[in-house]
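I opened this entry to keep track of what I looked up, item by item. The sequence and the structure come first, and my notes follow.

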Amino acid sequence: MHRDFLPHNVAVADACTAWQLAEMGVGEATVTIDATITRLATAAHALGELEARLVAGMDRFAGYHQRFAGAVERAGTDPGWITATDRDSCHRVWFEFHEDLVASLGLAR
């Protein structure tokens, strides 16, 4: 499960970092909201599949996909939903899912 998760984790981390740097005007590449949302939507789809597998054995994993996909959808009208800390942003939900997964599997980060 963790091996299946890792490539998506890299994609979400890269998308969120690129967006934060773009917001600050730092970095060489131009990052658009549309490209960022597309990357995050791909991760949302993957999260739905991962969550379905996890929920089969651990109910507490239910809801991460809905929260993450909701944040991706809201980001189209308010980019704060990508990385803001004052709401269930993409970054926050993904981080919580990652921490829950690592703890459940008994892995160290």
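Before anything else I fixed what a touch is: I take contact to mean heavy atoms within 4.5 Å. The model is predicted, so I note that local features need pLDDT of at least 70 and side-chain atom pairs pLDDT 80 or more, while totals for chains, interfaces and linings use all residues. Residues are numbered from 1 along each chain as its sequence is written, and side-chain values use heavy atoms, with hydrogens and water left out.

Entry 1, asparagine 9 and helix H1.
I looked up asparagine 9 and found its place in helix H1 (helices are DSSP runs of H or I with at least four residues, numbered from the N terminus). Which residues does asparagine 9 touch, not counting those up to four places away in sequence? I found Trp94 and His98. Asparagine 9 has a relative accessible area of 17% and is therefore buried; buried means under 20% relative accessible area, exposed over 50%, and partly exposed in between, with a 1.4 Å probe and protein chains only.

I then took H1 as a whole. H1 covers residues 2–24, which is 23 residues, and reaches 32 Å from its first C-alpha to its last, close to the 33 Å expected at 1.5 Å a residue. The expected span is 1.5 Å times one less than the number of residues. The buried residues of H1 are Phe5, Asn9, Val12, Ala15, Cys16, Ala18 and Trp19. Their cover includes H2, H3, helix H4 (80–83) and helix H5 (90–105). Just after H1, I noted that glycine 25 takes a positive phi of about 75°.

Entry 2, helix H2.
I compared the span of H2 with its expected value: the 23 residues should span 33 Å at 1.5 Å a residue, and the end C-alpha atoms are 31 Å apart, which agrees. I listed the buried residues of H2 as Thr36, Ile37, Leu40, Ala43, Ala44, Ala46, Leu47, Leu50, Glu51 and Leu54. What covers them includes H1, H3, H4 and H5.

Is aspartate 34, found in H2, buried or exposed? Aspartate 34 counts as exposed, because its relative accessibility is 56%. I also looked up its C-alpha distance to valine 55: the two are 31 Å apart in space and 21 residues apart in sequence.

Entry 3, H2 against H3.
Two packed helices are described by the angle between their axes and the distance between the axes. I used axes that are lines fitted to C-alpha atoms, for helices over the stretch in contact, with angles from 0 to 180 degrees between N-to-C directions. The axes of H2 (residues 33–55) and H3 (residues 64–75) come within 9 Å and cross at roughly 165°. That makes H2 roughly antiparallel to H3; angles under 35 degrees count as roughly parallel, over 145 as roughly antiparallel, 65 to 115 as roughly perpendicular, and the rest as oblique.

On the H2 side of this contact I found Ile33, Ile37, Leu40, Ala41, Ala43, Ala44, Leu47, Gly48 and Glu51, and on the H3 side Tyr64, His65, Phe68, Ala69, Val72 and Ala75. By class, the residues of this contact are 12 nonpolar, two polar and one charged. Nonpolar here covers Ala, Val, Leu, Ile, Met, Phe, Trp, Tyr, Cys and Pro; Asp, Glu, Lys and Arg are charged, and the others, Gly among them, are polar.

Entry 4, H2 against H5.
The axes of H2 and H5 come within 13 Å and cross at roughly 30°, and H2 and H5 are therefore roughly parallel to each other. Leu40, Ala43, Leu47 and Leu54 in H2 meet Cys90, Trp94, Phe97 and Leu101 in H5. I counted this contact by class as eight nonpolar, no polar and no charged residues.

Entry 5, helix H5.
The buried residues of H5 are Cys90, Val93, Trp94, Phe97, His98, Asp100, Leu101 and Val102. I found them packed against H1, H2, H3 and H4. H5 is followed by glycine 106, whose phi is positive, near 70°.

Entry 6, two loop residues.
Serine 89 lies in the loop between H4 and H5 and is buried, with a relative accessible area of 0%. Serine 89 touches Ala71, Gly80, Trp81, Ile82, Thr83 and Ala84, not counting residues up to four places away in sequence. Glycine 57 lies in the loop between H2 and H3 and counts as exposed at 63% relative accessibility.
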